[in-house]
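User: I'd like a close look at one spot in this model and then at what surrounds it. Take your time and walk me through it.

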Amino acid sequence: MSRTIHPAFFSGGALLFCAAWLWGRPFGPGVETLVRGAPRPALVEPESIELDPAILERYAGKYEGRGDFNVELKLKDGKLVVLAPGIAPFEFRATSETEFFLKGAGVAVEFDVARDGTVRGFSANTEFGLIKMKRVR
């Protein structure tokens, strides 16, 4: 014969265990809440380096992601910019030959470059998670 625990006793025990565990934890820094209209903390961007326009030119092209999300990278005035429908253009700033960040957005970008130098795509680490884009042209 098997014994079962009544759900009320199980739930009560689980709540008691969680309360004891939380009570025993040391207090950490408080969670900041967002206040409407309060200024956001300043975005700290990594230090960028200047790359030769010939290096930047190899990243220019069309890229495709999930859900028919397409972007185009163009070289404008010696700077690599991303153009996407419904989004303001962002400038790519280099931290290495294959690693960049979007100026003003705090998004880290890393290009996937084959040994022969062809660019296969890039990954962008956004607040919504990792977005992978494949080069289509």
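Leaving aside its neighbours within four places in sequence, which residues is Met-133 in contact with? Start there and work outwards, please.

Analyst: Keep in mind that this is a predicted model. Setting aside neighbours within four places in sequence, Met-133 is in contact with Tyr-63, Glu-64, Gly-65, Phe-69, Val-71, Arg-120, Gly-121 and Phe-122.

Where does that put it? Met-133 lies in strand S8, which spans 129-135. Its relative accessibility is 6%, and buried means under 20%, so Met-133 counts as buried. Its contact list reaches into other strands too. Tyr-63 and Glu-64 fall within S1 (61-64), while Val-71 falls within S2 (70-76). Arg-120, Gly-121 and Phe-122 sit inside the 119-126 range of S7. The link to Tyr-63 is a long one in sequence: 70 residues separate it from Met-133, yet their C-alpha atoms are 5.7 Å apart in space.

Two of those partners turn up again among the aromatics. Tyr-63 and Phe-122 belong to a cluster joined by ring pairs, along with Tyr-59, Phe-92, Phe-100 and Phe-111. Across the whole structure, the search finds nine aromatic pairs.

For the wider setting, the protein has two helices and eight strands, and along the sequence they read α-α-β-β-β-β-β-β-β-β. Of its 137 residues, 22% are buried. Among contacts with a separation of 6 or more, 36% are between residues 24 or more positions apart.

Strand S8 also brings us to the largest pocket. That pocket holds about 490 Å³ of space, and of its 21 lining residues, Ile-87, Leu-102, Val-107, Thr-126 and Ile-131 are the closest to its centre. S8 is one of the strands that supply at least two lining residues each; S3, S4, S6 and S7 do so as well. By class, the lining comes to 17 nonpolar, three polar and one charged residues.

Thr-126 is a handy way into the pocket. It is found in strand S7, and with 19% relative accessibility against a cut-off of under 20%, it counts as buried. If you skip residues up to four places away in sequence, Thr-126 touches Val-107 and Ile-131, both of which are also named among the residues closest to the pocket centre. Its side chain reaches the backbone nitrogen of Phe-128 as well, at 3.1 Å.

At the other end of S7, take a look at Thr-118. This residue is in the loop between S6 and S7, and its relative accessible area of 41% makes it partly exposed. Beyond its neighbours within four places in sequence, Thr-118 is in contact with Asp-112 and Val-113, and both of these fall within S6 (107-113). The side chains of Thr-118 and Asp-116 are joined by a polar contact of 2.9 Å. To tie this back to S8, Arg-135 is 17 residues along the chain from Thr-118, and their C-alpha atoms are separated by 9.9 Å.

Next comes Arg-93, in strand S4, another of the strands that contribute to the pocket lining. Despite its charged class, Arg-93 is buried, with a relative accessible area of 16%. Its side chain makes a polar contact of 3.1 Å with that of Glu-50. Leaving out neighbours within four places in sequence, the contacts of Arg-93 are Ser-48, Glu-50, Lys-79, Glu-99, Phe-100, Phe-101 and Lys-103. Phe-100 in that list is a member of the aromatic cluster that also holds Tyr-63 and Phe-122, so we are back at two partners of Met-133.

Last stop, the loops on either side of S2, the strand range that takes in Val-71. Asp-68 sits in the loop between S1 and S2, and Asp-77 sits in the loop between S2 and S3 (79-84). Each has a positive phi although neither is a glycine: near 60 degrees for Asp-68 and near 55 degrees for Asp-77. With 73% relative accessibility, Asp-68 counts as exposed, and Asp-77, at 81%, counts as exposed too. Set those beside Met-133, which is buried at 6%.

Notes
Residues numbered from 1 in each chain as written. Predicted model: local features only at pLDDT ≥ 70, side-chain atom pairs only at ≥ 80, totals over all residues. Heavy atoms only, no water. Helix = DSSP H or I, 4+ residues; strand = E, 2+ residues; numbered from the N terminus. Buried < 20%, exposed > 50% of the residue type's maximum accessible area, 1.4 Å probe, protein only. 1 Å grid on protein atoms, 1.4 Å probe; cavity = no way out; pocket = protein on both sides within 12 Å on 5 of 7 lines; lining within 4 Å. Points joined across faces, edges and corners; volume = space filled by probe spheres on them. Phe/Tyr/Trp six-rings, centres within 6.5 Å; stacked < 30°, edge-to-face > 60°. Contact = heavy atoms within 4.5 Å. Polar contact = N/O pair within 3.5 Å; in protein donor to acceptor, adjacent residues only side chain to side chain.
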